[in-house]
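The following report describes a two-chain protein model. Cysteines are treated at the outset, followed by the interface and the salt bridges.

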Amino acid sequence: MVSELSQDFVHQPIQGCGPMVATFAQIVDLLRCPDDAEPLRYASGDLLCPRCARRFSIYEEDLAEILPSRPHALPRTVSPQYRNAYIEAFEQNYRDDETSLAWGAEESVSQTWALKRLRQANLMGPAGLVSADDSEVMKLSQDGISPYADATGVIEMGGRDIEDTEHMVTEVAIRAFYRHYREVMGF
Amino acid sequence: MAVPLVLQYEIEALLAEYAAVLDAADLEQWPEFFTEQCLYEIIPRENYDRGLPLAIMRCESKGMLKDRVVAIRDTMMYEPRYMRHMISGVRVTGESPEGITVEANYAVFETLIDDLTHIFNVGRYLDRIVRDGGQLKFAEKHCVYDSVLVPNSLIYPL
C-alpha cells in the first residue's frame, strides 16, 4: 500500500492548487478574523475586520511573505537533483516503531529565495508566530492530564465531521487526515 | 582596545535600559532601541558558529519589530510570565564608520505562574550600535544562545 501511494505522489501533481501566492493583496484575501472568521480587509495600513472592527496593524509588508502560501506541485523547471532529494526526503519507508518528519529537501537557490526561507522560519519553531501558541497549549494540556496517568482523556474541538469551513480555526483537516490514515492502514 | 570611559558608560547604560524595558514587558518601547533599517535575530550558537543563517526569530527592519509586538499583544496565546535579564561582560570590540561593535553576555530567567524561576536562555549579544539623532541605537543585534533547545516557547524578545 505504501508503494502505491508513493507512485501516486511522484507521478500526479497535487490537484486543484494554484501557483504560490505572491503579493500582499493576494495574501490578505486568505486571512480571516480569529474572533468571528470574517474575511479581513486591508485599510489604511491595517488589517481590519468589517464585522467586529478589530484592527491588526501591519508595519512591514515583508512579514506577510511568511503567511501561508498554497501548496503546489513541483514545477517542471525544478532541477532533477532537487526533485530527487525531495522525493527521497518525503518518500522513505519506515518501520512501524519509527517516527520521522520530513521538512523539505536541500535547495540550491538564489539569495532572494534563501531570504524568503529565512523569513518563513519566523512562523515555526519555539518563537514561531504560528507554532508558539501550540507549544503553550500542549504544555497546559499536559499539566492538566498528567495527574491522571491511568485514565483516558479526549479533547474535541468542533465536533467529529470533516465538513468544509470558511475559516482555519478548525481541526477538520487533521480529522480528515486521520480518517484517511485509518482507512489506508486498515485500523 | 582602549575604550573611552564615557563610551563604555553609554553602552552599558543603553543595555541596562534595554533590559529594563524588556523585563517590564514594555514591548511598545522595544523597537525604539533600533534604527529604521536594522537586523535583529535570535539564533542558536550551533548555527551562528557554522555561518548558517537560520534563526528562530528574525526581524529585518523596525517595522518587522513592531509587527512582532502586535503579534505578541494581539494574536498569540501564552501563559503569563515574568522575564529577567542579566547582562554582563560588556566589551566594545571595535569602532568604525559603520558603528561600534559590542559583545556582552546575557542570562534571561523566566518565572511562570506557580513555578520556580528557571534559566530560560543564556548566550551573548553581538551588537552594532550607531548614533542616530544623538541617541545610541542598535543597527544589528544578534542574540546567540548557547543551548540547542529552548524550553517550550519563546514569546518575548531577548
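## Cysteines

C49(A) counts as buried, at 1% relative accessibility. The model is a predicted one, and a search of the whole structure finds zero disulfides over all chains. For C49(A), the closest cysteine sulfur is that of C52(A), 3.5 Å away, which is too far for a bond, because a disulfide requires the two sulfur atoms to be within 2.5 Å. C143(B) is likewise in no disulfide, the nearest cysteine sulfur being that of C59(B) at 10 Å. With a relative accessibility of 0%, C143(B) counts as buried.

## Chain A

Chain A contains six helices and three strands, arranged from the N terminus in the order α-α-β-β-β-α-α-α-α. It has 187 residues, of which 20% count as buried. Among the contacts in chain A with a separation of 6 or more, 31% join residues 24 or more positions apart.

## The interface between chains A and B

At the interface, 25 residues of chain A are in contact with 28 residues of chain B. The area buried between the two chains is about 2400 Å², and carbon and sulfur atoms give 58% of this area. L118(A), P126(A) and E136(A) supply 24% of the area that chain A buries against chain B, more than any other three residues.

Polar and charged interactions also cross the interface. Three salt bridges are counted between chain A and chain B; one of them pairs K139(A) with E79(B), with the closest N and O atoms 3.2 Å apart. In addition, 12 residue pairs are in polar contact across the interface. On the side of chain A that touches chain B, β3 (55–57), α4 (111–120) and α5 (131–145) each supply at least two residues. The largest share, seven residues, comes from α5(A). By residue class, this side of chain A divides into 13 nonpolar, four polar and eight charged residues.

E136(A) is found in helix α5 of chain A and counts as buried at 1% relative accessibility. Its side chain makes a polar contact of 3.3 Å with that of N152(B). Leaving aside residues up to four places away in sequence, E136(A) touches M77(B), Y78(B), E79(B), R81(B), N152(B), S153(B) and I155(B).

## Salt bridges within chain B

The structure holds 21 salt bridges over all chains. Three of those within chain B are listed below.

| Acidic residue | Basic residue | N to O distance |
|---|---|---|
| D23(B) | R84(B) | 3.8 Å |
| E36(B) | K62(B) | 3.6 Å |
| D49(B) | R124(B) | 4.0 Å |

The pair of D23(B) and R84(B) meets in a salt bridge. This pair links helix α1 (residues 5–23) to strand β3 (residues 81–96) of chain B, across 61 residues. D23(B) counts as buried at 15% relative accessibility, whereas R84(B), at 45%, counts as partly exposed.

The salt bridge of E36(B) and K62(B) joins strand β1 (residues 34–44) and helix α3 (residues 62–75) of chain B, so it ties together parts 26 residues apart in sequence. Here E36(B) is exposed, with a relative accessible area of 53%, and K62(B) is buried, with 7%.

D49(B) and R124(B) also meet in a salt bridge, and this pair links helix α2 (residues 45–49) to strand β5 (residues 118–132) of chain B, 75 residues apart. D49(B) counts as partly exposed at 48% relative accessibility, as does R124(B) at 24%. Both residues belong to a network of salt bridges that also includes R45(B), R91(B), E103(B) and D146(B).

How values were computed:
Residues numbered from 1 in each chain as written. Chains lettered and ligands numbered in written order. Predicted model: local features only at pLDDT ≥ 70, side-chain atom pairs only at ≥ 80, totals over all residues. Heavy atoms only, no water. Buried < 20%, exposed > 50% of the residue type's maximum accessible area, 1.4 Å probe, protein only. Contact = heavy atoms within 4.5 Å. Buried area = accessible area lost by both parts, 1.4 Å probe. Salt bridge = Lys/Arg side-chain N within 4 Å of Asp/Glu carboxyl O. Polar contact = N/O pair within 3.5 Å; in protein donor to acceptor, adjacent residues only side chain to side chain. Helix = DSSP H or I, 4+ residues; strand = E, 2+ residues; numbered from the N terminus. Nonpolar A, V, L, I, M, F, W, Y, C, P; charged D, E, K, R; others polar.
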